[in-house]
Amino acid sequence: MPEWLQAGGWGLLAGSALLIGAAVGYLLPVPRHVVAGIMGFGAGVLLSAVAFELIEEANERGGLRPTVIGAVAGAVVYTACNVVLAMHGARHRKRSGDQQPSESEDAGSGTAIALGALLDGIPESIVIGASLLGGGAVGAVTVAAVFISNVPEGLSSAAGMRNAGRTPRYVFGLWSAIALVSGLAAVAGYTLLGGTSDALLAGVTAVAAGAILAMVADTMIPEAFEDAHLLIGLVTVAGFLVAFGLSHA
């Protein structure tokens, strides 16, 4: 099987976890404190992946300067896009309660939420494809971390969409599309970055890391803290250590 196709398969696999989580969140009455706890676990997983896989890999490839510049750039670009989307109704796209506006309350919010979901998922998928350029070992760990974290993301967001009155067709169509885009983004990460310099690859990896870190702080941790704040630190550390164990297995 061509390596670019393998990259797409890994990206699709990681993205499919969003659909699994969405099915659970939309179809089952999962208590909000359980959703919050799962979200905290996913946040810990991503924090570990960023620290021990992405940032470390970027630093080893290109050194400190490209890593810092890339991470800052990723965080700035993500935050700027997120601010624009928040102004159009996507601010609480990962919240499981009644924070998400319905289409009647905020026209165009459904489109903004869909674009926000893409914004959240594309950096993860690109870095999956790019990480496979190193021979696949790091890629497998990154895929596992993204998969684990995507389940609570889809679960929480879909529960919020249900509470906002969005239809099953919209919810499952959205997450199915995001899973497909995740596969395509992983292919793009592998094909477009193959043969590039270590410094450029380090910068791109760091950009994705900065965007993911900003996403965790802006969309995942608030949901986790609101309904499980007494235990969220413990749950987040558990997720962090699971991902850390995967990276050293």
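Start by selecting H6: this helix has 26 residues and covers 37 Å from its first C-alpha to its last, close to the 38 Å expected at 1.5 Å a residue. Keep in mind as you click around that this is a predicted model. Now step just past the end of the helix. H6 is followed by Gly-195, and the phi of Gly-195 is positive, near 85 degrees.

**Over to H1**

Next, pick H1. With 25 residues, H1 reaches 36 Å from first C-alpha to last, close to the 36 Å expected at 1.5 Å a residue. Colour its buried residues and you'll get Ala-7, Gly-8, Gly-11, Ala-14, Gly-15, Ala-17, Leu-18, Gly-21, Ala-22, Gly-25 and Tyr-26. Stay on that last name, Tyr-26: its relative accessibility is 12%, and Tyr-26 counts as buried because the cut-off is under 20%.

**The ring pairs**

Tyr-26 is a good way into the aromatics. The structure holds three aromatic pairs. In one of them, the ring centres of Tyr-26 and Phe-172 sit 5.7 Å apart with the planes at 70 degrees, so call this pair edge-to-face. Zoom out a little and you'll see that the pair links distant parts of the chain, with Tyr-26 in H1 (residues 3-27) and Phe-172 in H6 (residues 168-193), 146 residues apart.

Now select Phe-52 and Phe-240. They also make an edge-to-face aromatic pair, at 5.6 Å centre to centre and 70 degrees between the planes. This pair, too, links distant parts of the chain: Phe-52 belongs to H2 (residues 32-62) and Phe-240 to H8 (residues 232-247), 188 residues apart. Are these two rings buried or partly exposed? Phe-52 is partly exposed at a relative accessible area of 29%, and Phe-240 counts as partly exposed at 25%. Add Phe-244 to the selection, since ring pairs link Phe-52, Phe-240 and Phe-244 into a cluster.

One more ring before moving on: show Tyr-170 with Arg-166. The arginine, Arg-166, lies over the face of Tyr-170, at 5.7 Å from the ring centre.

**Into the core**

Select the largest nonpolar core, which has 33 residues. Which of them have the most contacts inside the core? Those are Trp-175, Val-216 and Met-220. Colour by helix and you'll find that H1, H2, H3 (64-90), H4, H5 (137-163), H6 and H7 each supply at least two residues of this core. H7 gives the most, with nine residues.

**A threonine on H7**

While you're on H7 (residues 198-228), go to Thr-205. How accessible is Thr-205? Thr-205 has a relative accessible area of 6%, so this residue is buried. Look back along the helix: a polar atom of the Thr-205 side chain lies 2.9 Å from the backbone oxygen of Leu-201. Then show what surrounds Thr-205. Not counting residues up to four places away in sequence, Thr-205 touches Leu-54, Ala-58 and Val-127.

**Three stops on H4**

Move to H4 (residues 109-131) and select Pro-123. Pro-123 is buried, at 13% relative accessible area. Leaving aside neighbours within four places in sequence, Pro-123 is in contact with Ala-208, Ala-211 and Ile-212. If you draw a C-alpha to C-alpha distance from Pro-123 to Arg-93, you should get 17 Å, for two residues 30 apart in sequence.

Second stop: Asp-120, also placed in helix H4. At 3% relative accessibility, Asp-120 counts as buried. What does its side chain make a polar contact with? Turn on Tyr-78: the side chains of Asp-120 and Tyr-78 make a polar contact at 2.8 Å.

Third stop: Ala-117, again in helix H4. Ala-117 is buried, with a relative accessible area of 8%. Show its contacts and, leaving aside neighbours within four places in sequence, you'll find Arg-93, Trp-175 and Ile-178. Trp-175 is one of the residues you met in the core, where it is among those with the most contacts. Ala-117 and Leu-174 are 8.6 Å apart, C-alpha to C-alpha, and 57 residues apart in sequence.

**Last stop: Asn-163**

Finish in helix H5 with Asn-163. Asn-163 is partly exposed, at 42% relative accessible area. Bring up Gln-100 as well: Asn-163 and Gln-100 are 63 residues apart in sequence, while their C-alpha atoms are 7.9 Å apart in space.

Notes: Residues numbered from 1 in each chain as written. Predicted model: local features only at pLDDT ≥ 70, side-chain atom pairs only at ≥ 80, totals over all residues. Heavy atoms only, no water. Helix = DSSP H or I, 4+ residues; strand = E, 2+ residues; numbered from the N terminus. Buried < 20%, exposed > 50% of the residue type's maximum accessible area, 1.4 Å probe, protein only. Contact = heavy atoms within 4.5 Å. Phe/Tyr/Trp six-rings, centres within 6.5 Å; stacked < 30°, edge-to-face > 60°. Lys NZ or Arg CZ within 6 Å of the ring centre and 35° of its normal. Polar contact = N/O pair within 3.5 Å; in protein donor to acceptor, adjacent residues only side chain to side chain. Core = buried A, V, L, I, M, F, W, Y, C linked by side-chain atoms within 4.5 Å. Expected span 1.5 Å × (residues − 1).
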